Amino acid sequence: MKAAVCGARKPFEAGSLALAWVLGKELALSGFVVVTGATLGVSLEAARGAKAVGGKVFGVSPAATKSEHVEKFGYPVDEFDEIDFSGRGVLGRNILIVERSDVVLFVDGGVGTLNEFSIALQLKKPIGVLEGQMGVAGNAKTLLEIVGLADFGQFFSESDPKKLVEKIFGAIKK
């Protein structure tokens with residue numbers, strides 16, 4: 001199973017990066033392949049957390065080549081087992097991240113994360129958010145209400161990354 005971790009490259013909250021690391025670790029320990037945008041911030045820390053416990057990490061880059069990924073975007077490569085250099089730009093990459101994942105989890109998050117959240121809703125993917133965050137994750141319930149999906153049945157939230165992974169894992173295994 002694959003779990004996308006989406007969030008800000010430059011988080012609003014100082015603790016978001018540590019939470020992303022723990023989330024990546026817990027996902028890997030539960031057998032998930034962690035999927036990210038192969039970028040900095042939340043994405044990179046989730047990848048590092050997964051790798052710290054021997055997990056597999058798949059990145060989706062907006063760049064068409066490894067050199068563009070590194071030189072133009074300034075994105076990392078070492079934390080990933082595999083990177084798809086999609087050449088589709090940031091918005092196209094966001095679609096691929098969500099499409100290729102069984103569940104989508106959110107830590108913090110700005111406008112790019114909002115795009116991923118919207119895609120996850122449209123594709124009816126199970127969504128998990130870490131409560132107590134700013135940005136998209138912290139406002140996810142309100143966003144669901146605004147778009148008329150307050151009763152979205154595949155929405156899970158917890159303040160603890162391990163509990164969030166347990167909830168999501170339990171729900172998709174049913």
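Modeller: In this predicted model, a helix is a DSSP run of H or I with at least four residues, and helices are numbered from the N terminus. E45 belongs to one such run, helix α2.

Colleague: Why is E45 called buried?

Modeller: The relative accessible area of E45 is 17%. Buried means under 20%, so E45 is placed in that class. Leaving out residues up to four places away in sequence, E45 touches L17, A20 and W21.

Colleague: How many aromatic pairs does the whole structure hold?

Modeller: The search finds 3 aromatic pairs. One of them is F32 with F169, whose centres lie 5.8 Å apart with 80° between the planes.

Colleague: What makes the pair of F32 and F169 edge-to-face?

Modeller: Rings pair if their centres lie within 6.5 Å, and planes over 60 degrees apart count as edge-to-face. At 5.8 Å and 80°, F32 and F169 therefore satisfy both conditions. This pair links distant parts of the chain: F32 is in the loop between α1 and β2, F169 is in helix α8, and the two are 137 residues apart.

Colleague: Are F32 and F169 buried or exposed?

Modeller: F32 has a relative accessible area of 2%, so F32 is buried. F169 has 27%, which lies between the limits of 20% and 50%, so F169 is partly exposed.

Colleague: How do you know that the rings of F106 and F117 form an edge-to-face pair?

Modeller: Their centres are 5.4 Å apart, within the 6.5 Å limit, and their planes stand at 70°, over the 60 degrees required, so the pair is edge-to-face. F106 lies in strand β5 and F117 in helix α5, 11 residues apart. F106, at 0%, and F117, at 2%, are both buried, because each value is under 20%.

Colleague: Why is K2 said to lie over the face of F58?

Modeller: K2 is 5.5 Å from the ring centre of F58. The distance limit for a charge over a ring is 6 Å, so this value satisfies it.

Colleague: Which residues have the most contacts inside the largest nonpolar core?

Modeller: That core has 24 residues, and those with the most contacts inside it are V5, L23, L27, F32, V34, L105 and I168. The elements giving two or more residues to this core are β1, α1, α2, β5 and α8. Neighbours within four places in sequence aside, the contacts of I168 include F32, L105 and F156. A second, separate core has 23 residues, among them V104, F117, A120 and A140.

Notes:
Residues numbered from 1 in each chain as written. Predicted model: local features only at pLDDT ≥ 70, side-chain atom pairs only at ≥ 80, totals over all residues. Heavy atoms only, no water. Phe/Tyr/Trp six-rings, centres within 6.5 Å; stacked < 30°, edge-to-face > 60°. Buried < 20%, exposed > 50% of the residue type's maximum accessible area, 1.4 Å probe, protein only. Lys NZ or Arg CZ within 6 Å of the ring centre and 35° of its normal. Core = buried A, V, L, I, M, F, W, Y, C linked by side-chain atoms within 4.5 Å. Contact = heavy atoms within 4.5 Å.
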